[in-house]
Every structure is written in C-alpha cells, then in structure tokens.
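Work through these short exercises with the model in view. Try each task before reading its solution.

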Amino acid sequence: MSLPHAILTALLEKPSSGLELTRRFDKSFGFFWSATHQQIYRELGKLEQSGAIRALPSETPARGQKKEYEVLPAGQAELAAWASAGQDPRAMRDPLLLRVRAAAVVGTAGLPAELRRHLALHERQLELYEGIERRDFPPERDSEQDRLRHLVLRGGIELETFWIRWLTQALETVDGESGTGAE
C-alpha cells in the first residue's frame, strides 16, 4: 500500500510528469521504496481515477505529450491519514542471513566470498549516501522539511553502517573458523 503514498509524497514535493517521477524514484525514493517505471505509471492511473491526483491542463494538448500531475485535496488528506497512522515494523527477511544460518549446518564453502561481496556493496552505498548528505544537507538547510528528509537519509546511512560492522564481524568469525582466512 505504500507506493501510492510515495507517489503522493513526491507529487506534493513537486508536481511532475510520470517520466520525472520515475527519474526521482531512481535518484532518491528508490533508495528506500523501489518501484519499476511500469508500477509508477500504473499507480498514477489509479490515483487519477480515484480523484487523488489530476493531470494539469496543458496549453497545447497533443497526442503523446507528457502529463504533469498534481495532488488534489483528497490525495493530500489520504497521505496525511496514512502518515499519521500506526504500523508495526516488518520482520527482517534477508537471504544473506538465511545463508549464514544454513552454513551452520552445511559448511561455509563460498560464504566468505559472498560476505566480502556484500561488504563491498554496502561500503559503496554508504559512500553514495554520505556524498548525498554532503551535497544536499549543508548546515544552513535547516527547515523542517529538510530536517525530515535528512532524517530519512540518516536512516540509510545508519543501516549501511550497521551492515558494514556486522559483515566485518561475520568475516572475522568465518575466517577464524577456517583458521586460514582463505576459501
């Protein structure tokens, strides 16, 4: 149920065409709520049908012209109700954690390489997030909107930091068991 809310949020931040929305999802929203271009366009149609958004009138209507969407009062009310409602955290489901658990009963062959691969991925993601933080959140950007957006980014930074720490410990544990550090 969160994709329509992500789209409503993005459109309230800035009315956009479907193409602009997909680009924004690729650059920011997608870090914490991914969606394919097809999913976004399908959801735009549903939101428009429900009266939550509308396509802005075009000065020169033409076939194939991109539509720019804006949120209507019903869409803003739906987003406000959703944002203020409670929701339990989701249980973590991560295939890597399951692989580590399986290695406890079948052996660690291949596991160190997979742990190193994941470590490198998380290190790159952390570097990306920290670059975004430096670029987009200088100290003088201190509005409530900026603080809340920065908070979301900080959540991503903290998650990547957790994974880097955990993967480093996992590698020390697995390498310590093999006694060689080699695979």
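**Exercise 1. Find which strands α1 lies across, and at what angle it runs to β3.**
Solution. Helices (H or I, at least four residues) and strands (E, at least two) are DSSP runs, numbered from the N terminus. Helix α1 lies across β1, β2 and β3. Its direction makes about 100° with β3. Axes are lines fitted to C-alpha atoms, for helices over the stretch in contact (heavy atoms within 4.5 Å). Angles run from 0 to 180 degrees between N-to-C directions.

This is a predicted model: local features need pLDDT of at least 70, side-chain atom pairs count only at pLDDT 80 or more, and totals for chains, interfaces and linings use all residues. Residues are numbered from 1 along each chain as its sequence is written, and side-chain values use heavy atoms, with hydrogens and water left out.

**Exercise 2. State the order of the strands in the sheet.**
Solution. The order is β1-β3-β2, in an open, antiparallel sheet. β1 (16–17) and β2 (53–55) are the edges; each has a single partner strand, so one side of each has no neighbour in the sheet. Strands pair if DSSP finds at least two bridges between them. β2 and β3 (residues 68–71) have three bridges. Arg54 faces Glu70 in β3.

**Exercise 3. Decide whether His5 is buried or exposed.**
Solution. Locate His5 in α1 (residues 2–13). Buried means under 20% relative accessible area, exposed over 50%, partly exposed in between (1.4 Å probe, protein chains only). His5 has 1% relative accessibility, so it counts as buried. Beyond its neighbours within four places in sequence, His5 contacts Glu78, Leu79 and Trp82.
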